[in-house]
Amino acid sequence: MGEFAALIHNENIKIYSRVRTWIMLFILALMSALFPALFYFTSSGDMSRMGLWESFQTTVSVAFFLNTIFTVVVASDSVAGEFSWGTIKLLLIRPWSRSKILLSKYISMILFSLLSTAILIAFAYGSSLIFSSSAEAGASNFGNWSPVEYSFLDVLCRYVELFLTAALAFMVSSVFRASGLAIGLSLFIMFTKNLFIVIFSPERYEWAKYLIFTHMDLRGYILSDAGPGGVTLGFSAAVLAVYYLLFLAVSWIVFRKRDVAA
């Protein structure tokens with residue numbers, strides 16, 4: 001267990017020793033803190049200013065796009081970068097199995113996503129706390145949930161979407177050894193999933209209920225018991241779990257059998 005922890009530590013060093021990583025975290029923190037201030041200074045008066053939780057929710061909705069993009073960059077470079085830099089052979093000759101190496105890379109990527117999400121939440125909440133009219137304003141937008149409960153569920157649902165998008169990027173990185181393809185494909189799905197839902201609506205096509213695009217955004221379940229096509233939260237969670245396991249299984253199988261002699 002200690003050796004595996006050292007392997008994870010080694011992967012974390014690879015991530016955080018790069019200037020790019022700190023630039024991404026700085027941009028995320030800056031944007032999370034900047035938006036509530038912009039909302040405050042561009043409002044016409046006290047009555048039109050956003051409340052604490054309304055400001056926080058709006059900031060999170062924008063900043064989480066950046067969070068997902070940055071996590072996808074780290075996930076895409078995790079495996080593909082070893083092949084690009086030519087360090088994959090040095091990594092595989094060490095006394096660790098390929099499964100442990102791949103798992104350590106994946107865990108390190110997840111730890112980065114948790115850190116970036118924590119930074120986003122901290123700066124968004126702190127800035128919203130400073131630049132807001134009151135803690136009660138906008139509370140009517142949260143349905144039967146309290147503002148704190150709604151905000152927690154909203155962030156959780158957004159993180160689930162990030163989690164799956166990063167898993168897809170990690171799989172493409174492992175299979176094709178191309179970080180650019182992994183980033184491009186992941187971002188394409190992230191920005192066009194709503195278009196796919198419109199084209200392949202579960203209301204029109206029964207089989208569309210089993211597409212990952214239909215279930216990636218779970219926020220609709222916060223205020224409703226039914227999702228697209230009348231499916232339940234349990235059904236959506238099951239579909240996402242199947243895709244997630246498929247992504248990891250493909251990554252593991254390909255990485256274990258890959259010939260790196262060439």
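**Entry 1. Aromatic pairs**

I began in helix α9, where Y243 and F247 are four residues apart and therefore separated by about one helical turn. The model I am reading is a predicted one.

I then counted the aromatic pairs of the structure and obtained 21. From these I took up the pair formed by Y106 and Y244, which is tilted, with 6.5 Å from centre to centre and 50 degrees between the planes. Y106 belongs to helix α5 and Y244 to helix α9, so this pair ties together parts that are 138 residues apart in sequence. I looked up the accessibility of both residues. Y106 has 8% relative accessibility and counts as buried. Y244 has a relative accessible area of 18% and is buried; the cut-off for that class is under 20%.

I returned to Y243 and F247 for their ring geometry. The ring centres are 6.4 Å apart and the planes stand at 50 degrees, so I entered the pair as tilted, given that planes under 30 degrees apart count as stacked and those over 60 as edge-to-face. Are these two residues buried or partly exposed? Y243, at 21% relative accessibility, counts as partly exposed, whereas F247, at 8%, is buried.

I also recorded one aromatic cluster, formed by F188, F196, F200, Y205, W207 and F213.

**Entry 2. The largest cavity**

I searched the whole structure for cavities of 30 Å³ or more and found two. The largest has a volume of about 130 Å³. Its lining consists of 13 residues, and K14, I15, D77, S78 and W85 lie nearest the centre. The elements that contribute two or more residues to this lining are α1 (2–16), α2 (19–42), α3 (52–85) and α5 (98–130).

Which element gives the largest share of the lining of the largest cavity? I found that α3 does, with five residues. By class, I noted seven charged, three polar and three nonpolar residues in the lining of this cavity.

**Entry 3. S78**

I singled out S78, one of the residues nearest the centre of the largest cavity. S78 is located in helix α3. With a relative accessible area of 13%, S78 is buried. Setting aside neighbours within four places in sequence, I found S78 in contact with K105, F170 and S173.

**Entry 4. The second largest cavity**

I turned next to the second largest cavity, for which the volume is about 30 Å³. Which residues line the second largest cavity? I listed P36, F39, Y40, R49, M50, S55, F131 and S132. Helix α2 supplies the largest share of this lining, three residues. The classes in the lining of the second largest cavity are five nonpolar, two polar and one charged.

**Entry 5. G229**

Last, I looked up G229, which is placed in the loop between α8 (220–223) and α9 (233–257). I compared its position with that of K209. The two are 20 residues apart in sequence, and their C-alpha atoms are 7.0 Å apart in space. What does G229 contact when its neighbours within four places in sequence are left aside? I noted P202, E203 and K209.

How values were computed. Residues numbered from 1 in each chain as written. Predicted model: local features only at pLDDT ≥ 70, side-chain atom pairs only at ≥ 80, totals over all residues. Heavy atoms only, no water. 1 Å grid on protein atoms, 1.4 Å probe; cavity = no way out; pocket = protein on both sides within 12 Å on 5 of 7 lines; lining within 4 Å. Points joined across faces, edges and corners; volume = space filled by probe spheres on them. Nonpolar A, V, L, I, M, F, W, Y, C, P; charged D, E, K, R; others polar. Contact = heavy atoms within 4.5 Å. Phe/Tyr/Trp six-rings, centres within 6.5 Å; stacked < 30°, edge-to-face > 60°. Buried < 20%, exposed > 50% of the residue type's maximum accessible area, 1.4 Å probe, protein only.
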